[in-house]
Amino acid sequence: GYLYPDTYDLPPTIGARAVIENQLRAFEKRVKPEDLTPEELKRAVTIASMVELEAQKDKERPMVAGVIENRIAKNMRLELDATVLYGLQEWKVLGPGQVRKVISPYNTYLNAGLPPGPIGSPGVASIQAALDPDEHPYFFYVAKGDGSGEHLFAVTYADHLKNIRTARAMKPSTN
């Protein structure tokens, strides 16, 4: 089963097993996995875990899930830094070229398809996005440089490169 991330009101004497059982029951109650096969559930939670780390704004979660689905449908590598960092088990900014040096089944720059399993515990908005992703033509996104937590989306790699330049230009100067 999967643990549901939430705030729980638990008595101070409750044991670890009871905490985990509460989280498992909450996941089953909120996500209703009986509609899904175990494989479909694992796929949805894996995608949701990536969406959780890639998108900060709930309104963009279905868009990011749609990008993931579009890339999978075209047999494109997902190329998500969050999966590389999970494989590395270290949370830091990776410099140019570093993403391809991390040897891990979770490195979606080196390995096609989804990673072997979830890379974190997704919230309900990310799970909903994974179960019902937006249908759109986008294959790329980059975080805006303005600190808004929003992204610029692109259909083509050429447009993605333009978005990267735009995102970098949005960063406030450090003078």
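Student: Which residues lie nearest the centre of the largest pocket?

Tutor: Keep in mind that this is a predicted model. The largest pocket has a volume of about 1,400 Å³, and 37 residues line it. Those nearest its centre are Asp-81, Tyr-109, Tyr-141, Val-142 and Ala-143.

Student: And which element gives the most to the lining of that pocket?

Tutor: The elements that supply two or more lining residues are α2, α3, α4 (81-88), β1 (140-143) and α6 (157-170). With six residues, the one that gives the most is α6.

Student: By class, how many residues in the lining of the largest pocket are charged?

Tutor: Go through the lining class by class: 21 residues are nonpolar and seven are polar. The charged residues number nine.

Student: Tyr-141 caught my eye. Which residues is Tyr-141 in contact with, leaving aside neighbours within four places in sequence?

Tutor: Tyr-141 is buried, and it is one of the residues that touch the most other members of the largest nonpolar core. Leave out the sequence neighbours within four places, and its contacts are Glu-54, Val-64, Val-67, Leu-80, His-151, Leu-152, Phe-153 and His-160.

Student: Which elements give two or more residues to the largest nonpolar core?

Tutor: That core has 19 residues, and those touching the most other members include Ile-47, Met-50, Val-51, Val-64 and Ile-68. The elements giving two or more residues to the core are α2 (38-54), α3 (61-73) and α5 (124-131). Apart from this core lies another one of six residues, among them Val-84, Leu-94, Val-99 and Tyr-109. So much for the cores; the elements you wanted are α2, α3 and α5.

Student: Why is the pair of Tyr-141 and Phe-153 tilted?

Tutor: A whole-structure search finds four aromatic pairs. In the pair of Tyr-141 and Phe-153, the ring centres are 5.8 Å apart and the planes sit at 40 degrees, so the pair counts as tilted. The two rings link distant parts of the chain, with Tyr-141 in strand β1 and Phe-153 in strand β2 (residues 151-154), 12 residues apart. The angle that makes the pair tilted is 40 degrees.

Student: Which residues form one aromatic cluster with Tyr-141?

Tutor: Phe-153 is buried, as is Tyr-141, and both belong to the cluster. The cluster also takes in another tyrosine, so the residues joining Tyr-141 are Phe-153 and Tyr-138.

Student: Back to α4: which of its residues are buried?

Tutor: What covers the buried residues of α4 includes α2. Just after α4, Gln-89 takes a positive phi of about 60 degrees. The buried residues of α4 itself are Ala-82, Thr-83, Val-84 and Leu-85.

Key. Residues numbered from 1 in each chain as written. Predicted model: local features only at pLDDT ≥ 70, side-chain atom pairs only at ≥ 80, totals over all residues. Heavy atoms only, no water. Core = buried A, V, L, I, M, F, W, Y, C linked by side-chain atoms within 4.5 Å. Buried < 20%, exposed > 50% of the residue type's maximum accessible area, 1.4 Å probe, protein only. Helix = DSSP H or I, 4+ residues; strand = E, 2+ residues; numbered from the N terminus. Contact = heavy atoms within 4.5 Å. 1 Å grid on protein atoms, 1.4 Å probe; cavity = no way out; pocket = protein on both sides within 12 Å on 5 of 7 lines; lining within 4 Å. Points joined across faces, edges and corners; volume = space filled by probe spheres on them. Nonpolar A, V, L, I, M, F, W, Y, C, P; charged D, E, K, R; others polar. Phe/Tyr/Trp six-rings, centres within 6.5 Å; stacked < 30°, edge-to-face > 60°.
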